[in-house]
Amino acid sequence: MPFSRTGVLADADSGYHLIMANIQADVLEGLAPLFPTRLHPEGRLILSGILTDQADAVLRTYESAGFALVARRDEGEWTGLWLRLAAR
């Protein structure tokens with residue numbers, strides 16, 4: 001598997017140990033159902049580009065998609081979320 005890859009998420013392989021997405025909240029929420037099948041079971045997902053006042057809604061969407069919060073960082077009006085797949 002290549003070290004990094006860009007492109008359309010629907011075309012991505014599975015088993016990535018790290019996925020990073022710096023996109024606005026509404027796009028991130030739409031992608032939530034696609035990430036669990038692309039991420040390695042022990043992998044991590046980092047989401048950024050989220051306005052702080054939208055971060056709680058994004059987090060709820062990802063928790064509903066099977067993720068758990070590892071850490072959150074707020075910096076000014078921006079938020080980053082570090083997620084992992086929740087234990088099943």
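**Exercise 1.** In this predicted model, which side chains make a polar contact with the side chain of Thr79, starting with Thr52 at 3.0 Å?

*Solution.* Start with the pair just named: the side chains of Thr79 and Thr52 make a polar contact at 3.0 Å. Next, look at Asp74, whose side chain makes a polar contact with the Thr79 side chain at 2.6 Å. Both distances pass the test for such a pair, which is N or O atoms within 3.5 Å.

**Exercise 2.** Work out where Thr79 sits, and whether Thr79 is buried or exposed.

*Solution.* First, find the element: Thr79 belongs to strand 4, which covers residues 78–85. Then check the area: the relative accessible area of Thr79 is 3%. Buried means under 20%, so Thr79 is buried. Finally, list the company Thr79 keeps, skipping neighbours within four places in sequence: its contacts include Leu47, Ser48, Gly49, Ile50 and Ala55, along with Arg72 and Arg73. Thr52 and Asp74, the polar partners, are also among these contacts.

**Exercise 3.** Describe the chain around this residue: how many helices and strands are there, and what pattern do they follow?

*Solution.* Count the elements: three helices and four strands. Put in sequence order, they read β-α-α-β-α-β-β. Now for compactness: the radius of gyration is 12 Å, close to the 12 Å from the globule rule for 88 residues, so the chain is as compact as a globular protein of that length. As for burial, 33% of the 88 residues count as buried. Last, take contacts between residues at least 6 apart in sequence: 56% of them join residues at least 24 apart.

Note on methods
Residues are numbered from 1 along each chain as its sequence is written. This is a predicted model: local features need pLDDT of at least 70, side-chain atom pairs count only at pLDDT 80 or more; totals for chains, interfaces and linings use all residues. Side-chain values use heavy atoms; hydrogens and water are left out. Helices (H or I, at least four residues) and strands (E, at least two) are DSSP runs, numbered from the N terminus. Buried means under 20% relative accessible area, exposed over 50%, partly exposed in between (1.4 Å probe, protein chains only). A polar contact is a pair of N or O atoms within 3.5 Å; within protein, one must be able to donate a hydrogen and the other to accept it, and residues adjacent in sequence count only if both atoms are side-chain atoms. Contact means heavy atoms within 4.5 Å. The radius of gyration is taken over C-alpha atoms; the globule rule is 2.2 Å times the number of residues to the power 0.38.
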